[in-house]
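Biologist: Before we discuss the empty spaces and the helix packing, please show me the sequence and the structure.

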Amino acid sequence: MSISVPVAAFEGDAAIPAAVDVAIVGGGIVGVLTALELAEAGVSVALCEKGVIAGEQSCRNWGWVRQMGREEAELPLSSVALELWRGMDARVGAPTGFRQSGITYAAFTRRDAEHWERWHHIGRRYGIETTLLGGEQLRAAVPAIRGDVRLALWSPRDGCAEPWIAVPAMAEAARRAGAAILTGCAVRSLDIEGGRVGGVITEKGRIRASQVLVAGGIWSRALLRNHGVDFPQLRVVGTVARVTGAQGLPSHPFGTEDFSFRPRMDGGHTLTLRNANIAEILPDSFRLFRRYIPRLRENWREFHLRIGRSFYEDLISPTHWRPDESTIFERVRTLDPTPSRLFLKRALQNAGKAFSSFEGVTISHAWAGVMDVTPDAVPVVDAVPGLDGAWIASGCSGHGFGLGPGIAQLAAGMMLGSAPVVDARPFRWNRLDRLSETGPKGATAQPAANSMHTPP
């Protein structure tokens, strides 16, 4: 078994530009597609990635592209993202692996069945097409399934894509559109001039820019904290495997309460232990604990707490540095945690109970990815408070690959001063300050303070 995840090769530009309209920090799907959106609009862009394009969570996720099961606040954006995914291959001129395959979630317990019945009615309010299937209906559609299935939810318009090829293809398209794509180029700090962001300072030099988008995933908090901005975000680690040898399975992504899989275009299946992630205990876990209490109460079954070497590494790591100093971003080009062998074992056991073809399969690859999770598990796409000219699109909470095209369109629209593609209030920064008082739905509108053009 290889403890690695492949990602298609992408060679960054050799030279950095002196000045652009927008500098983007982070070469995951959100940063890359925002660069594409802006470049297509005629804006000059430089994207800076400290490692390789899609080297972290953007190539380590499940590859699902779904509306079904999303947080209610994300549903309008998930519909926008799905439409963009449907035209993505034509847009970028290369395969991303996207196919509208449909997705099924099967419930074996009463608790899970009640959850999906409730979500079916929520989805209908937002115009999302789903069908509730009884146990016998599901067995007729999926004859290989075993066990006492209570019901299933079928979403015919959802699908999946191949993370390892999708984001590099998007980066090539952004470069063809005129964006500079820089790899192995860590942004050490924002360049602050007279109280306003004037670009970024990278390990290879300064890039001047009238606006900067921070789309650094799990690294966004550290970059902003260096400038005295407290962005609430914690790490959650998920384990994924590629298995070979399973036959007779559904030809679309399939999930249950305790495992999920999807067919892969390169053969085999991506398999995960669903609703099981490792929550690393770090110094930030104590600093941010009160903000995460409501989410922990609601989803405590999903998290396995772990304290280890990373706690002490974070404890002694500087939280502030000068632009001429080497940083954590250069020391850790790619965050590559070790996958949980226990999770892999349990995923195979659980899948084998429901589908006999998972018995005796081979795990060819296993990997882990680190998700950037906000207190309400919804991304932040907004102006950065107190830093005029800075924007953020981060905290995707494991939803970034599927939502990425929608997040990018929303972020680009904000910087361009255009009307938002969806109501932006659920993604405002200030909602996180109100969670303890009003809950996740209590966000209020916050005007954009630093758009490239005056909003209409």
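Modeller: A word on terms comes before the cavities: helices are DSSP runs of at least four residues, strands are runs of at least two, and both are numbered from the N terminus. The model is predicted.

Biologist: What makes a space in this structure a cavity, and how many of 30 Å³ or more are found?

Modeller: A cavity is a set of points where a 1.4 Å probe fits but cannot get out. Searching the whole structure at a threshold of 30 Å³ or more gives two cavities. The largest cavity holds about 570 Å³ of space. Its lining has 39 residues, and closest to the centre are Gly28, Ala215, Gly216, Gly217 and Ile218.

Biologist: Which helices and strands each supply at least two residues of that lining?

Modeller: They are helices H1 (29-40), H2 (57-60), H8 (220-225) and H14 (400-416), together with strands E18 (362-373) and E20 (390-394). H1 gives the largest share, three residues. By class, the lining of the largest cavity has 20 nonpolar, 15 polar and four charged residues.

Biologist: What lines the second largest cavity?

Modeller: The second largest cavity contains about 60 Å³ of space. Among its lining residues are Val5, Pro6, Cys59, Trp164, Arg262 and Trp367. Six of the lining residues are nonpolar, two are polar and three are charged.

Biologist: Why are H1 and H14 called oblique to each other?

Modeller: Their packing angle is about 45 degrees, and their axes are 8 Å apart. Angles under 35 degrees count as roughly parallel, and 65 to 115 as roughly perpendicular. An angle of about 45 degrees belongs to neither class, and H1 and H14 are therefore oblique. The crossing of H1 past H14 is right-handed.

Biologist: How do you know which residues of H1 and H14 meet?

Modeller: Contact requires heavy atoms within 4.5 Å. On the H1 side the residues are Ile29, Val30, Leu33, Thr34, Glu37 and Leu38, which meet residues of H14 including Phe401, Ile407 and Met415. Divided by class, this contact has twelve nonpolar, four polar and one charged residues.

Biologist: What makes a pocket distinct from a cavity, and which residues lie nearest the centre of the second largest pocket?

Modeller: A pocket is an open set of points, whereas from a cavity the probe cannot get out. The second largest pocket has a volume of about 810 Å³. Arg235, Ser310, Glu313, Asp314 and Leu335 lie nearest its centre, out of 36 lining residues. Helix H11 (309-316) is one of the elements that supply at least two of these residues, and the share from H11, four residues, is the largest. The lining of this pocket comprises 15 nonpolar, nine polar and twelve charged residues.

Technical notes
Residues are numbered from 1 along each chain as its sequence is written. This is a predicted model: local features need pLDDT of at least 70, side-chain atom pairs count only at pLDDT 80 or more; totals for chains, interfaces and linings use all residues. Side-chain values use heavy atoms; hydrogens and water are left out. On a 1 Å grid over the protein atoms alone, a cavity is a set of points where a 1.4 Å probe fits but cannot get out, and a pocket is an open set with protein on both sides within 12 Å along at least five of seven lines; lining residues have an atom within 4 Å of a point. Grid points are joined across faces, edges and corners, and a volume is the space filled by probe spheres set on the points. Ala, Val, Leu, Ile, Met, Phe, Trp, Tyr, Cys and Pro count as nonpolar, Asp, Glu, Lys and Arg as charged, and the others, Gly among them, as polar. Axes are lines fitted to C-alpha atoms, for helices over the stretch in contact, and angles run from 0 to 180 degrees between N-to-C directions. Angles under 35 degrees count as roughly parallel, over 145 as roughly antiparallel, 65 to 115 as roughly perpendicular and the rest as oblique. A crossing is left-handed if the near helix is turned anticlockwise from the far one by less than a right angle, and right-handed if clockwise.
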